[in-house]
Amino acid sequence: MSLVNPSPEKPSSFKDESLTFDLAKEISRRRNFAIISHPDAGKTTLTEKLLLYGGAIQQAGAVKARGEQRKVTSDWMELEKQRGISITSTVLQFDYLQTKINLLDTPGHQDFSEDTYRTLAAADNAVMLEDAAKGLEPQTRKLFEVCRMRNIPIFTFINKMDRPGQEPLALLDEIEAELGLSTWAVNWPIGSGEQFRGVIERKTRDVILFTRAERGRQSEERHLKIDDPLLKDFVEKELLDKALEELELLEEVGPERDLELIHAGKLTPVFFGSAMTNFGVRPFLDSFLAMAQAPVARNSSDGLVDPLRKEFSGFVFKLQANMDPRHRDRVAFVRVCSGRFEKDMTVRHARTGKLIRLSRPQKLFGQDRSVVDDAFPGDVIGLNNPGMFSIGDTLYTGPRLEYEGIPCFSPEIFSWLRNPNPSAFKNFRKGVNELREEGAVQILYDIDQSKRDPILAAVGQLQLEVVQHRLENEYGVATRLEPMGYQVARWVSGGWSELETIGRIFNCKTVQDAWSRPVLLFKNDWNLGQLNEDHPGLELSAVAPVVSGVDPISL
Ligand code: G4P
């Protein structure tokens with residue numbers, strides 16, 4: 001990628017009418033989604049099975065870097081392996097029949113939910129994966145809220161039906177009562193655990209029989225009509241009757257299938273299956289693709305931008321450095337929102353107004369990457385980032401536009417980051433600035449300029465450990481963390497001038513974020529409540545306001 005001197009030359013755009021037609025075709029055959037779940041619900045397993053259908057991988061177990069690949073993963077991915085957690089998230093693009101699928105993978109550990117929030121900003125659909133025995137779990141609820149904020153359509157896959165689970169009706173009730181989301185069962189389970197016999201497809205009334213395959217082996221997919229006399233050889237009458245009664249109940253009192261409500265994120269199609277035995281995965285994929293929305297219009301400074309807009313536009317939703325330590329690379333992940341992206345095209349960087357030539361755009365597939373020639377709305381491309389991209393940045397050709405930024409979520413853990421070795425300050429500064437830019441952690445600063453050490457503000461403790469680990473391994477600086485004992489952060493919506501009007505505040509520490517905006521830190525919600533009571537007019541926000549057009553301060 002190279003910077004191009006601002007010149008009268010216009011950024012490239014597509015004039016050819018025939019391309020509009022191609023564009024419509026390309027958009028309509030794309031589906032993009034992210035999976036939201038609580039750790040252990042089976043996200044990795046389901047992802048693997050989906051990729052097998054797309055022919056994108058040859059064997060199960062390929063999603064987690066294994067064997068040879070381990071050698072090229074970075075040091076902090078080493079940390080993932082030591083801890084058995086998943087921090088990295090990747091983009092997986094594959095073809096299935098006529099559809100091009102972009103699966104935006106998200107980190108599995110809850111301490112990295114900030115990263116998942118950002119990835120959801122780039123997703124058009126979400127698959128909510130539940131463990132049939134556990135039902136809704138905390139991380140799923142949290143991520144669901146993010147989907148709701150953006151009205152993302154949600155498709156629910158209730159997994160592990162081969163193990164004893166909760167009553168299916170109870171699982172649907174929980175989703176309706178707790179999330180306020182109506183449900184529409186696409187299939188209905190016959191029994192569960194040892195007595196799991198399969199599912200009834202609601203539309204066709206076909207039974208797909210479950211045959212218990214050896215662990216890890218694919219179970220066979222056998223269909224029988226509901227009135228097929230053979231059925232009794234596979235399914236006990238009581239189990240079938242119970243399932244049919246429940247289905248009848250759903251027909252009577254449940255909502256109707258309504259695609260508009262599904263796309264508005266108000267009704268979730270529900271599928272029952274077992275990812276590990278590969279049961280119900282292919283029917284899920286088929287129905288999901290038929291109902292999921294194609295890349296949609298997105299909000300910008302210029303109103304809604306149609307993906308059919310001829311000129312290219314997209315935004316950066318994720319930055320990642322040193323994915324491959326052999327190259328010490330920094331990659332910006334860009335979600336294409338409109339038009340056709342072409343290799344070597346010159347685009348405008350909305351925040352700085354600069355023109356940039358994108359000469360080596362990459363397609364990333366897990367750890368692998370290859371140069372892409374073109375990309376369409378719904379796709380994700382990886383750009384080399386020589387430090388000029390921030391999360392939320394817009395790139396475009398044609399008339400100016402800027403996409404809505406991606407909010408930062410309220411951190412809950414705060415710690416001074418000390419650098420005991422002054423001679424390593426240069427590397428310390430570089431590391432802190434780059435990791436902040438990447439969004440690995442939020443950085444706050446004391447308002448007293450003499451206290452130069454940064455404050456790490458994170459959602460989860462592991463985030464801090466990863467930052468320390470990376471500073472040591474990638475920048476050669478051993479650091480020390482000094483916990484601050486605060487748990488709540490609030491941005492002052494009115495800025496410094498509003499803060500000044502209320503005078504001294506007790507039981508709270510005032511700091512500034514990377515954009516010099518005031519942030520108040522509280523030890524607990526009670527102290528925050530007290531401030532709210534004392535100053536009801538003071539507007540505070542748990543989410544950092546989106547920044548546009550300003551460069552952050554650095555260490
Ligand atoms: P995650 O990415 O959401 O954290 O979950 P992952 O796929 O790693 O699955 C967590 C555990 O649940 C794994 O077992 C996996 O085999 C199991 N699992 C996933 N889907 C199903 C299912 O449909 N039925 C059953 N019975 N189990 C399922 P593990 O013992 O932790 O790991 P492993 O020994 O399989 O590697």
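## Packing of helices α2 and α9

Helix α2 (residues 43-53) packs against helix α9 (residues 281-291) at an angle of about 75°, and their axes are 10 Å apart. Because angles of 65 to 115 degrees count as roughly perpendicular, α2 and α9 are described as roughly perpendicular to each other. On the α2 side the contact is made by L46, K49, L50 and Y53, and on the α9 side by V281, R282, F284 and L285. By class, the residues of this contact comprise six nonpolar, no polar and two charged.

The model is predicted, and the description of these helices, like the rest of this report, rests on that predicted model.

## The chain as a whole

The chain holds 13 helices and 32 strands. Of its 555 residues, 55% are buried. Among contacts in the chain with a separation of 6 or more, 73% are between residues 24 or more positions apart.

## The sheet β8-β9-β10-β11

Four strands form an open sheet in the order β8-β9-β10-β11, and their pairing is antiparallel. The edge strands are β8 (187-190) and β11 (222-225), each of which pairs on one side only. From one strand to the next, the twist averages 30°.

Strands of a sheet pair through backbone hydrogen bonds, in either a parallel or an antiparallel arrangement. For β8 and strand β9 (residues 198-201), the antiparallel pairing extends over four bridges. One pair can be named here: I190 has G198 of β9 as its bridge partner.

## Strand β15 and its partners

Strand β15 (residues 313-321) is largely enclosed by the rest of the structure, because nine of its nine residues are buried. The cut-off behind this statement is a relative accessible area under 20%.

Strand β15 is joined to strand β16 (residues 330-338) by eight bridges, and the two run antiparallel. Within this pairing, K318 has F333 of β16 as its bridge partner. Strand β15 also pairs with strand β24 (residues 394-396), again in the antiparallel sense, over three bridges. There, S313 stands opposite Y396 of β24.

## Helix α10 and the loop before it

Helix α10 (residues 425-438) has 14 residues, which at 1.5 Å a residue should span 20 Å; the end C-alpha atoms are 20 Å apart, so the expected and modelled spans agree. The buried residues of α10 are F428, G431, V432, N433, E434, L435, R436, E437 and E438. Just after α10, G439 adopts a positive phi of about 85°.

The loop between β25 (413-418) and α10 contains S423. Because its relative accessibility is 67%, S423 counts as exposed. S423 and V477 are 54 residues apart in sequence, yet their C-alpha atoms are 9.9 Å apart in space.

## N527 in helix α13

N527 belongs to helix α13 (residues 525-534). With a relative accessible area of 10%, N527 is buried. Leaving aside residues up to four places away in sequence, N527 touches N507 and F522.

## Summary of the local picture

Two residues described above illustrate opposite environments: S423 counts as exposed, whereas N527 is buried. Among the strands, β15 pairs with β16 over eight bridges and with β24 over three, while β8 is an edge strand that pairs on one side only. Among the helices, α2 and α9 pack at about 75°, and the end-to-end span of α10 agrees with its expected value of 20 Å.

Note on methods: Residues numbered from 1 in each chain as written. Predicted model: local features only at pLDDT ≥ 70, side-chain atom pairs only at ≥ 80, totals over all residues. Heavy atoms only, no water. Pairing = 2+ DSSP bridges. Axes fitted to C-alpha atoms, helices over the stretch in contact; angles between N-to-C directions. Expected span 1.5 Å × (residues − 1). Buried < 20%, exposed > 50% of the residue type's maximum accessible area, 1.4 Å probe, protein only. Parallel < 35°, antiparallel > 145°, perpendicular 65-115°, else oblique. Contact = heavy atoms within 4.5 Å. Nonpolar A, V, L, I, M, F, W, Y, C, P; charged D, E, K, R; others polar.
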